Amino acid sequence: MLGVEHPDTLSSLNNLAGLYYGQGRYGEAEPLFHRALSASERVLGAEHPATLTRLNNLALLYDAQGRYREAEPLFRRAFAVSERVQGAAHPNTLTSINNLAGLYRAQGRYGEAEALYGRALETSERVLGAEHPDTLGSLNNLAALFQAQRRYVEAEQLYSRVLKTSKRLLGTEHPHTLLSLNNLAELYRAQGRYGEAEPLYRRALAASERVLGAAHPDTLTGLNNLALLYGAQSRYGEAEPPARRALETRERVLGAEHSDTLASLNNLAFLYATQGRYDEAEPLYRRAIDTSERALGTEHPNTIEFQLNLALNLVNQSKLTQAIRQFRSLDGRLRGFVGLQLATTGSEQVRRDRVNTETRLQDVVYTLAHPDSETLPLAANLLLRWKRLAGEEEALIARLARTSQDPRVKDLAGRLAQSRTDLSWLVNLPKPDLQTIAASRAGLERLEVDLATLNRTFGGHRAARAPDWKTVRKTLPRGSALLELRAFRPVDFKTGKWADPRWLALLIPADPGKGSPLRVFDLGPTAPLGPLLARLRDGEAAAEPLVYQALFGPLDGAIKDYQTLFLAPDGALDLVAFARLRLPDGRFWVQRQSLRTLRTGRDLLAVPPERAGAGMLALGEIDYDHYPTVASARAPAKASKGQRAKHAQSPQATPKGASLSGSQSEPGPTVATSRQLRDAQGSFGPLADTGPEARQIGRFYWDKDGREAVVLTGLDANERRLKSMAKPPRALHLATHGFFLAEQSDAPTGDWERPMVLSGIALAGANRGLEGKLGPDGENGILYALEAIDLNLDGTELVTLSACDTGKGAVDRSEGVYGLVRAFQIAGARNVLMTLWPLNDPLARAFMEDFYRSWLDPQGHRSPAEALRKTQLDWIGDGDPRKRDPKYWAPFVLVERG
């Protein structure tokens, strides 16, 4: 009656295809979707809402079949047209956003997915309401993404909300309710909460079989998950039948290359492996990997998961050589996947968690890395490649921002620097506005992702993160060795269980002679060292030999004869002043050999800057009570010929007696930071010794080109002058108050979204900044570590942070200390001299003057590291008992790069 291309006929055709799709009958659905779409484009036009719906439907079919390359251009086209024609808040546009985000999630592109899911959810709640089915779908999608990222607390909150609302609005047996029930059960299983998961699984599976049928994809998902639960509880007899049934039905209904089919294949293999049936598991793993590489890609998280499982299976089969080949391949693939997450994920906390959760490959290889093991070279490469991985990415992006002439990069870099300043100011207001702070942080994260995405287009960055241990060894000077320290969790290959963390030490000598070019040591569990490190931080002299013996005693004989030892610490060891540890013979460690601190041995390969920094900039005797005028905040003028040092000085600051009150706003991580800074610091008092210190150091300065030092004091020592440096100095000396606030935090360090706002230094007008005021130049006088990232220090040989506690920061398991040292190195500084505990101002001034006199001695030609050791040895041998006390000479630690 109506004809084959009548709009109603096309609707019926699309609906029938949708029915087949809902039943998992993809082969029957596809030709109908194609016919409906093709006719709709011809009859209604490419931008008609009905055409866009059919375009989405065909893309969803491809997505469900794992045909992601075919699905993505359709999703993108539907989204772009819908946004232009129907508007950004139209339900169809929101559907397109969710669908594209779902595709990204399936591909492991989590950072890109989260941004889209968040946008869809915010708009859906605003336009459709908090309980609309589409809003619930967006909530469920975001929860699934959080679960994939192991952000379980966030996922559970969303899943519970969706399930509760879905039950009330749709009923207990609606497909959406059953999906929510299964998702919550799966989350419980992933967390090991098996008793809570099982009744939910059983309810969801029974209802799904009754409502949707035994072969429906949702039913098969429930069946697969129940088998996983039984396997996790060692109920193997109950686990195998549903696992086999799920695999066979998925293969028949969804096809051999569908991601769900591959998951079932992997799960059945894993079930065999946990029972010791390794020979039966191996061919299933290999089949899953081969198909996944073809269908999903080599860096897809599922492919990586299957390959790691195969490698573990090969270890248990005593096929170590084959396992090592798999581990080597996994290293590159996993770094590619994690690199993508770092570049596309806005939240810094999620980026840190992403690196920390991808340690299984390292832990497995370190467990196998016994002396004389063929795994040892691979362990060395993994240690050098993975340590401080996120910091490497940040440094590469920051360098691009400083050096690129591309107008897109320059524009983004400028806006990013301003955004970091804005956020630092907002969190410091006496009455912070949480909504404004959240919006500012979101804007900052978008800019970071945009710049990181541009950075990936320039290429070459991945190669910089993939050094070989032999290449690192070639950079070591004669008579030296590299000692890499790493916390890891050993694995029991038979049970698959992970043990408590232990310390691993990897020794790479420059010239092994007749010995091994690589040596590995298990230094014991990490937990017992904690109390000893606490005693050491408290200044207890008795802890000095105890810490050395507990940590380095097992390898003392292997390291004692090297003239120079490059130390690359990890975790809590990043906050240890190794020079002060006592050897078995009673000497301080620094007396036996030169100790050089690196973040990672990979830093020995750091690419030198195109141009070395020139001159010196030294700040001291700062007026914390007053802001500079706009004119005085300009960049410092060039020193005149013949001057040894040029300095500008303003009236001495008047001490402030009263502490500033805290904010009354609701608590939150960044708000708590500003509150702590005001409550803990009160105000920044004058530092009388810092002016003479800066001026004296300026007099020492010289270089072969006759450049002089510029010394800034009073109001001239301001934030704007640092930020507006057109050219990097050779040396930057900052004699001022530093702060680190994590010890007063109401939340665990790991919960801070931006740990780089926990530390900073005070500059001119900082006390006004504590009151929430801004100076005429738009600055608040407090340079947070977050802002220091954007300083122009590419080519700076030395940054000295001559203040209390400047080396402290939030400690991350994989990334080390998030604080000022990290910020200045990301900004380009090759060496950062920092402190690990409060200083005595007169003695700190004396130590600094002795250090610079040694470093800048025209006859000495010493590196900063050599000058630091000479100064420490001089003080240890001094007649003044105060100078001999490590309390006064040991807090200074130099962190090198290149």
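Good morning. The chain under discussion contains 38 helices and 17 strands. Please bear in mind throughout that this is a predicted model. Of its 898 residues, 58% count as buried. Among the chain's contacts with a separation of 6 or more, 73% are made by residues 24 or more positions apart.

I begin with the nonpolar cores. In the largest one there are 128 residues, and those with the most contacts inside it are Phe327, Leu361, Leu482 and Ile508. Another core lies apart from it, with 101 residues that include Val409, Ala618, Leu712 and Ala785. As general background, nonpolar side chains in soluble globular proteins tend to be buried together. Which residues does Phe327 contact, leaving aside its neighbours within four places in sequence? They are Leu308, Ala311, Val315, Leu361, Val364, Val365, Leu368 and Leu378. Leu361 thus appears in this list of partners, and Leu361 is also named with Phe327 among the residues with the most contacts inside the largest core.

I now turn to helix H13, which runs over residues 259–274. From its first C-alpha to its last, H13 reaches 22 Å over 16 residues, close to the 22 Å expected at 1.5 Å a residue. Is H13 mostly covered or mostly uncovered? H13 is mostly covered, with 12 of its 16 residues buried. The buried set takes in nonpolar residues such as Leu262, Leu265, Leu268 and Leu271, and also Ser259, Thr261, Asn266 and Asn267. The cover over the buried residues of H13 includes helices H4 (68–85), H11 (217–232), H12 (236–253), H14 (278–295) and H15 (301–316).

One of these partners, H12, deserves a closer description. The axes of H12 and H13 are 9 Å apart, and the two helices pack at an angle of about 155 degrees. Because angles over 145 degrees count as roughly antiparallel, H12 is roughly antiparallel to H13. Their crossing is left-handed. On the H12 side the contact is made by Tyr236, Ala239, Glu240, Ala243, Arg244, Ala246, Leu247, Arg250 and Glu251, and on the H13 side the residues include Thr261, Ser264, Leu265, Leu268, Leu271 and Tyr272. Those six residues of H13 are also among its buried ones.

What follows H13 in the chain? H13 is followed by Gly276, whose phi is positive, near 80 degrees. Gln275 is found in the loop between H13 and H14. With a relative accessibility of 30%, Gln275 counts as partly exposed. Leaving aside neighbours within four places in sequence, Gln275 is in contact with Tyr236 and Glu240. Tyr236 and Glu240 also belong to the H12 side of the contact with H13. The C-alpha atoms of Gln275 and Gly231 are separated by 9.4 Å, although these residues are 44 apart along the chain.

Next is H4, another of the helices covering H13. The 18 residues of H4 should span 26 Å at 1.5 Å a residue, and its end C-alpha atoms are 25 Å apart, which agrees. Its buried residues are Tyr68, Ala71, Glu72, Leu74, Phe75, Ala78, Phe79, Val81 and Ser82. Their cover includes helix H3 (49–64), H5, helix H6 (110–127) and H13. Just after H4, Gly87 takes a positive phi of about 105 degrees.

H4 also packs against H5, residues 91–106. The axes of these two helices come within 9 Å and cross at roughly 155 degrees. H4 and H5 are therefore roughly antiparallel to each other, and their crossing is left-handed. Among the residues that meet are Tyr68, Phe75 and Phe79 in H4, with Ile97, Leu100 and Leu103 in H5.

For H10, residues 194–211, the reach from first C-alpha to last is 25 Å over 18 residues, close to the 26 Å expected at 1.5 Å a residue. The buried residues of H10 are Ala197, Glu198, Leu200, Tyr201, Ala204, Leu205, Ala207 and Ser208, and what covers them includes helix H9 (175–190) and H11. H10 is followed by Gly213, which has a positive phi near 105 degrees.

Finally, I consider H30 (residues 690–700) and H35 (residues 841–855). Their axes are 10 Å apart, and the helices pack at an angle of about 10 degrees. That makes H30 roughly parallel to H35. In this pair, Pro692, Glu693, Gln696, Ile697 and Phe700 of H30 meet Ala844, Arg845, Met848, Glu849, Tyr852 and Arg853 of H35. Thank you for your attention.

Conventions: Residues are numbered from 1 along each chain as its sequence is written. This is a predicted model: local features need pLDDT of at least 70, side-chain atom pairs count only at pLDDT 80 or more; totals for chains, interfaces and linings use all residues. Side-chain values use heavy atoms; hydrogens and water are left out. Helices (H or I, at least four residues) and strands (E, at least two) are DSSP runs, numbered from the N terminus. The expected span of a helix is 1.5 Å times one less than its number of residues. Buried means under 20% relative accessible area, exposed over 50%, partly exposed in between (1.4 Å probe, protein chains only). Contact means heavy atoms within 4.5 Å. A nonpolar core is a set of buried Ala, Val, Leu, Ile, Met, Phe, Trp, Tyr and Cys residues joined through side-chain atoms within 4.5 Å. Axes are lines fitted to C-alpha atoms, for helices over the stretch in contact, and angles run from 0 to 180 degrees between N-to-C directions. Angles under 35 degrees count as roughly parallel, over 145 as roughly antiparallel, 65 to 115 as roughly perpendicular and the rest as oblique. A crossing is left-handed if the near helix is turned anticlockwise from the far one by less than a right angle, and right-handed if clockwise.
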